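Reader: Could you walk me through how to read helix packing and aromatic pairs in a model like this one?
Author: Happily; let's look at it together.

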Amino acid sequence: LWVSLLAFRSAVPAALNKHFATAGVVLMVLWLAQYVIGFISPALEPSSLGKRPFCYVETMAYALPVIVAGLIFVRRLYPLRPMRTAMSVSLVAGMLPALYMQIACMYEPFHILSFHILPGMVMVAVGTLIAARWQKYRSSSEQ
């Protein structure tokens, strides 16, 4: 939730301060750290119960419409750093399905990091590429 607020606040000039952004990054790191700690002290007994064969594809497929919708919304605002805003929107869009997959798929720290978190992080690059193409198209159509 905090990182989604960070993403949309970055699209409004002077709405995002450094402390708010730092707090969002710290919260994201703490959330991801709990999966790494799960290697040593799992919250649940690691199990393949509920395993979904293509959960990594689901993570990316669920993230893509949210990325596009978020980018369309922030384009209506005035982001001073559009690529950073696109990365923030894409991070939120990628991490939401990763979080949902923790409930819908199996609990095993390596699986969560590899097949839920990593595809969510890949969506940051996808969203940034989409934003770069839009920005390139927008600048070429204005000429």
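Author: One thing up front: this is a predicted model. Let's begin with burial in the helix α1, where the buried residues are Val3, Ser4, Leu6 and Ala7. They lie on the same side of α1, because they cover an arc of only 155 degrees around the axis.

Reader: What do the buried residues of α1 pack against?
Author: They pack against α2 and α4 (82-104).

Reader: How are two packed helices described?
Author: By the angle between their axes and the distance between the axes. Here α1 (residues 2-9) and α2 (residues 18-37) pack at about 145 degrees, with axes 9 Å apart, and their crossing is left-handed. On the α1 side, Trp2, Val3, Leu5, Leu6 and Arg9 take part; they meet Phe20, Ala21, Ala23, Gly24, Leu27 and Met28 of α2. By type, the residues of this contact are nine nonpolar, one polar and one charged.

Reader: And how is a pair of aromatic rings described?
Author: By the distance of the centres and the angle of the planes. The count here is five aromatic pairs. One of them joins tryptophan 2 and phenylalanine 20, stacked at 4.7 Å centre to centre with 20 degrees between the planes. Tryptophan 2 is in α1 and phenylalanine 20 in α2, so the pair ties together parts 18 residues apart in sequence.

Reader: Is phenylalanine 20 buried or exposed?
Author: Phenylalanine 20 counts as buried, at 13% relative accessibility, while tryptophan 2, at 34%, counts as partly exposed.

Reader: Which residues form an aromatic cluster?
Author: Phe54, Tyr56 and Phe115 form one.

Note on methods. Residues are numbered from 1 along each chain as its sequence is written. This is a predicted model: local features need pLDDT of at least 70, side-chain atom pairs count only at pLDDT 80 or more; totals for chains, interfaces and linings use all residues. Side-chain values use heavy atoms; hydrogens and water are left out. Axes are lines fitted to C-alpha atoms, for helices over the stretch in contact, and angles run from 0 to 180 degrees between N-to-C directions. Helices (H or I, at least four residues) and strands (E, at least two) are DSSP runs, numbered from the N terminus. A crossing is left-handed if the near helix is turned anticlockwise from the far one by less than a right angle, and right-handed if clockwise. Contact means heavy atoms within 4.5 Å. Ala, Val, Leu, Ile, Met, Phe, Trp, Tyr, Cys and Pro count as nonpolar, Asp, Glu, Lys and Arg as charged, and the others, Gly among them, as polar. Buried means under 20% relative accessible area, exposed over 50%, partly exposed in between (1.4 Å probe, protein chains only). The arc is that of the directions from the helix axis to the C-beta atoms. Rings of Phe, Tyr and Trp (its six-membered ring) pair if their centres lie within 6.5 Å; planes under 30 degrees apart count as stacked, over 60 as edge-to-face and the rest as tilted.
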